[in-house]
There are 2 protein chains.
Amino acid sequence: MARIVMKFGGTSVADLERIRRVADLVASEAGDGNEVAVVVSAMSGETNRLVALVDALDSDKIAEQTNSLGGAIDDEYDAIVASGEQVTSGLLAIALRRRGVKARSWLGWQIPLRTDSAHSKARIESIDDDQLDPSMKAGNVAVVAGFQGMAKSGRISTLGRGGSDTSAVALAVALKADRCDIYTDVDGIYTTDPRIVPEARRLNRIAFEEMLELASLGAKVLQVRSVELAMNNNLPIRVLTSFVENGAANPGTLVCHEDENMEERVVSGVAYSRDEAQITILRLQDKPGMVAKVCKVMSDANIIVDMIVQSISRSDNAANLTFTVGKRDLDKAQAALEAAKTEIGFEGIKSDPNVTKVSIVGIGMRSHTGVAQTMFEALAERNINVEVIATSEIKISVLINAEYTELAVRALHSAFNLAVA
Amino acid sequence: MARIVMKFGGTSVADLERIRRVADLVASEAGDGNEVAVVVSAMSGETNRLVALVDALDSDKIAEQTNSLGGAIDDEYDAIVASGEQVTSGLLAIALRRRGVKARSWLGWQIPLRTDSAHSKARIESIDDDQLDPSMKAGNVAVVAGFQGMAKSGRISTLGRGGSDTSAVALAVALKADRCDIYTDVDGIYTTDPRIVPEARRLNRIAFEEMLELASLGAKVLQVRSVELAMNNNLPIRVLTSFVENGAANPGTLVCHEDENMEERVVSGVAYSRDEAQITILRLQDKPGMVAKVCKVMSDANIIVDMIVQSISRSDNAANLTFTVGKRDLDKAQAALEAAKTEIGFEGIKSDPNVTKVSIVGIGMRSHTGVAQTMFEALAERNINVEVIATSEIKISVLINAEYTELAVRALHSAFNLAVA
């Protein structure tokens, strides 16, 4: 007998037929004598529907009042969108009972799953198992509404988009679960996006550090914070598909601490992100502290700066500074820089939203040489120009013109032989 | 300055445009310096959508298991359908903030509004004002999700269909409000259904007792329990429409304790209900306790028996017993009676779902004579046959063939001169 946390995303509970399939999968684990907690997302499309209602009312500007007069609305946003998971958890509990499985739904505030007060992007502070643990020991499947918790104020909070992964991992840690199985619409972690590279291969195992980089660099299967949390608590996560017949093979990918086999692999995967935009500050004064000043302007505007490169012209006492920001932050970033133009001191700004960040990731890079050379040769052979480079111990990222995205991903997948196990 | 509870039903918050109109009405009351709590229903159609999801899963019967194996599902039903009011309360709070009005949403468990454990038809036990009262005194409009509370188990409960009226009245009592305004899609209480009698007239005032009878007898404007609660706490309810331009006259109907003017009125309204069905037990043994035995069989089957008439044949030692039950309970009632046939002792059962109960209501009946005579003459003149009669101090109800419903309602409305104030 084991204690298992199973998590099902929005596409896995998209309609009543899918919820019945999920109930079958859960009933099967419970029928094997396991103690089971299930974390569910909202039915796919439901969160978007609710967010659209909020956005419509939030954009109202009445007479001469400004939006700021009535204050922020993140607390109400949370109360509204959390209802999506509330519905799914109740429906799954009903489907389980109709399969003869004892089950009940748990909302964030009922557990309680406590978070900080950062409404709409709250962080989990603690999960109480005083009620959950005895309920599960008594043979009840706990069906937990994902993505939600309760702030100190006693109000509903949400963890931000994708937060159900984090709910599941945090719950598994709190319940001292043996496994955390994340069911999704793909059957595991792939060497790259199979829509771009048909030969992309499902990995049987991947190290936490690699998964963390892939998730940060654009792979959408797992939320970054959920991987961090699993890594810090040494909790293996299995990523597998809910779109499978009961009883059929469904090995998925195990995300766990690195082992010897993984280290022999030089590169584990190729990730890409189209969510980047490039900004170049032209002829920035070449005085100490100028880069720090730019970063402070961005940080004051709540904008995360990613890849940074400074290029110094020897002919005069000036430098260009290039960096990337999230595409949706581009306008805000430019406005913030223009506002601080005199203070920082620069000639102009050039920006390009038409860029992609392509990355290779692998813990084997630590012990293998020539990885960067292979990468840049593969790109150069296809005449793909690299704008910015960023590296860490286990990844190399390049910023390229977005038109070359698929070509670059295919070139790298093939240069590192990723189709072959 | 007054403390006001405003309640808006599903059609009043049916879409974003309606919610904006409601926000204008609430902002206007708050702008006049009043302390305001608002109770909202789910957007119309939303509760039906959620109930349909529940019903679909609840009707699953897996393999040889029976539905009873997995237990009742009313607790999960409540968690699911309560989400409808959760969404509306958040949306209205946002709309109010965008109008410069301080507001926050309150869910049943946050207040808390405590109920008994009868999930899906819970009764309110207490409403805590420890948080609500200071919040309102600090100038915040309290937007309260109607229809829901928290059971002793800490789980969400609901008050049953129409429960938002009861939420509003109970809240007004707990908050010692000066007024409880129930906004709906009609502009008050009418002498009868204007779809049947175009000359039907809006009443400026109506006594609690009359409203209670009208609500019990088929008028759908207010939920019976909300009127009881208002009467027992001497809280005036104003019924008025939310479909009115801000600032336009909207007198509505005041439901309050009787006064002299009301007593001068013989009849205040004509109600009808098509939800009845008639059952006649033929040749029931004429022994003491037989009617009690029939009532016990019905009560054991959870069926409410309404109008009862016993007719004794002098030729033999047997009687016919006629009574009405809710139309949706008819099959269940017949089955329960057939199962107890030997025990009770009767020859057969005749049933008729094709009946309507038509009633006249008025506290003036207590002091005026000849009311019954006027009623039966008006019906006899139209050749309308009366099957069963039931009376109380302030009402007379007759059961008639459903085909004559409109004719009877018009005849009575005119016989008592209700079109004239």
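**Helix 8 and the A–B contact**

In this predicted model, helix 8 of chain A is followed by Asn234(A), with a positive phi near 50°.

Me: Which residues of helix 8 of chain A are buried?
Reply: Helix 8 of chain A covers residues 224–232. A residue needs 20 or more other C-beta atoms within 10 Å of its own to be called buried. In this helix that goes for Arg225(A), Ser226(A), Val227(A), Leu229(A) and Ala230(A).

Me: And what covers the buried residues of helix 8?
Reply: Both helices and strands of chain A take part. Among the helices are helix 6 (163–174) and helix 7 (208–216). The strands include strand 9 (179–184), strand 11 (237–241) and strand 12 (253–256).

Me: How are chain A and chain B related?
Reply: Chain A superposes on chain B with an RMSD of 0.1 Å, after a rotation of 180° and a shift of 0.2 Å along the axis. The two copies are therefore related as by a two-fold rotation axis.

Me: Which residue of chain A comes closest to the rotation axis?
Reply: Going by C-alpha, the distance to the axis is 2.8 Å. The residue that gets there is Ser83(A).

Me: Which element of chain A gives the largest share of the side that touches chain B?
Reply: Chain A brings 36 residues to the contact and chain B 35 residues. On the chain A side, helix 1 (16–31), helix 2 (46–58), helix 3 (74–81) and helix 4 (83–97) each give two or more residues. The largest share is nine residues, and it comes from helix 4.

Me: How many residues on that side of chain A are nonpolar?
Reply: Seven residues of the side touching chain B are charged and 11 are polar. The nonpolar ones number 18.

Key. Residues numbered from 1 in each chain as written. Chains lettered and ligands numbered in written order. Predicted model: local features only at pLDDT ≥ 70, side-chain atom pairs only at ≥ 80, totals over all residues. Least-squares fit on C-alpha atoms with pLDDT ≥ 70 in both. Contact = placed C-beta atoms within 7 Å. Helix = DSSP H or I, 4+ residues; strand = E, 2+ residues; numbered from the N terminus. Nonpolar A, V, L, I, M, F, W, Y, C, P; charged D, E, K, R; others polar. Buried ≥ 20, exposed ≤ 12 C-beta atoms within 10 Å, placed from the backbone.
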